[in-house]
Amino acid sequence: MVLHQEIFEPPDHIHKINPSSERPIDLVHLAQRTSGNKEAETEVLCLFARQARQCVNQLCGTNHHTSNEDLLAVVQTLRGSASSVGAFCICRAAESLEKNPKDGVLHDALTDAVVDVENFIFGLSR
């Protein structure tokens, strides 16, 4: 009877996270969004890296007088773009920052996520 259960139970690896989603960029997600066009992937990633850096620079340039709405607009822009390219670590960090836009630790976490993604993107282009 044990053999019968082993045959019909799903394999263990089905329940594990997709290895691509553990990377700073989910390359499977990106390939689906670009229909597997490598040239488009490269262009999209370069544009995203530039935009992500601009958003982080805007966030770092804010002060205590900057409104939550202005901060949220930058964070939401970054989150949307990150979701499109499969940078889900940035999405998670941005979602946390959306809940408390003035939290310095969350700003740092988002900046770290952007740096990790930038390094990953630059590593792909070598």
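Ser35 is a good residue to begin with, since it is exposed, with a relative accessible area of 70%. The place of Ser35 is in the loop between H2 and H3, and the backbone at Ser35 has a phi near 55 degrees, a positive value in a residue other than glycine. Most residues other than glycine have a negative phi. The model that shows this is a predicted one, and that should be kept in mind throughout what follows.

Stepping back from this one loop residue, the reader can take in the whole protein chain, which has six helices and zero strands, so that the order of elements from the N terminus on is written α-α-α-α-α-α. Of the 126 residues in the protein chain, 30% are buried, while the accessible surface of the chain comes to about 8,200 Å², with 53% of that area belonging to carbon and sulfur atoms. The contacts tell how the chain is folded back on itself: if one takes the contacts between residues at least 6 apart in sequence, 61% of them join residues at least 24 apart.

The helix that follows the loop of Ser35 is H3, which runs over residues 38–60. At 1.5 Å a residue, the 23 residues of H3 should span 33 Å, and because the end C-alpha atoms of H3 are 33 Å apart, the expected and the computed spans agree. Several residues of H3 are buried, namely Glu41, Leu45, Phe48, Ala49, Ala52, Cys55, Val56 and Leu59, and what covers them includes H2, H4, H5 and H6.

One of these buried residues, Phe48 in helix H3, can be followed in detail. Its relative accessibility is 3%, and since buried means under 20%, Phe48 counts as buried. Leaving out residues up to four places away in sequence, Phe48 touches Leu78, Ser81, Ala82, Val85, Ala87, Ile90, Val117 and Ile121. Phe48 can also be compared with Ser84, for the two residues are 36 apart in sequence, yet their C-alpha atoms are 9.4 Å apart in space.

Among the partners of Phe48 is Ser81, a residue that lies in helix H4. Ser81 is itself buried, with a relative accessible area of 17%, and when its neighbours within four places in sequence are set aside, Ser81 is in contact with Phe48 and Gln51.

Another partner of Phe48 is Ile90, which is one of the buried residues of H5, together with Cys91, Ala93, Ala94, Leu97 and Glu98. Helix H5 covers residues 88–99 and has 12 residues, and from its first C-alpha to its last it reaches 17 Å, close to the 16 Å expected at 1.5 Å a residue. The cover over the buried residues of H5 includes H3, H4, which spans residues 68–85, and H6.

Helix H6, which runs over residues 104–124, holds Val115. Val115 is partly exposed, with a relative accessible area of 28%. Val115 and Val56 are 59 residues apart in sequence, while the distance between their C-alpha atoms is 9.6 Å.

The last feature to look at is the largest pocket, which has a volume of about 170 Å³. Which residues line the largest pocket? The lining is made up of Leu27, Leu30, Ala31, Lys38, Glu41, Thr42, Leu45, Cys46, Ile121, Leu124 and Ser125. By class, seven of the lining residues are nonpolar, two are polar and two are charged. Helices H2 (27–33), H3 and H6 each supply at least two residues of this lining, and H3 gives the most, with five residues. Some names in the lining have already been met, for Glu41 and Leu45 are among the buried residues of H3, and Ile121, another lining residue, is one of the residues that Phe48 touches. In this way the path that began at the exposed Ser35, in the loop between H2 and H3, ends at a pocket to which H2 and H3 both contribute lining residues.

Methods. Residues numbered from 1 in each chain as written. Predicted model: local features only at pLDDT ≥ 70, side-chain atom pairs only at ≥ 80, totals over all residues. Heavy atoms only, no water. Helix = DSSP H or I, 4+ residues; strand = E, 2+ residues; numbered from the N terminus. Buried < 20%, exposed > 50% of the residue type's maximum accessible area, 1.4 Å probe, protein only. Contact = heavy atoms within 4.5 Å. Areas by Shrake-Rupley, 256 points an atom, 1.4 Å probe, with all protein chains shown as cover. 1 Å grid on protein atoms, 1.4 Å probe; cavity = no way out; pocket = protein on both sides within 12 Å on 5 of 7 lines; lining within 4 Å. Points joined across faces, edges and corners; volume = space filled by probe spheres on them. Nonpolar A, V, L, I, M, F, W, Y, C, P; charged D, E, K, R; others polar. Expected span 1.5 Å × (residues − 1).
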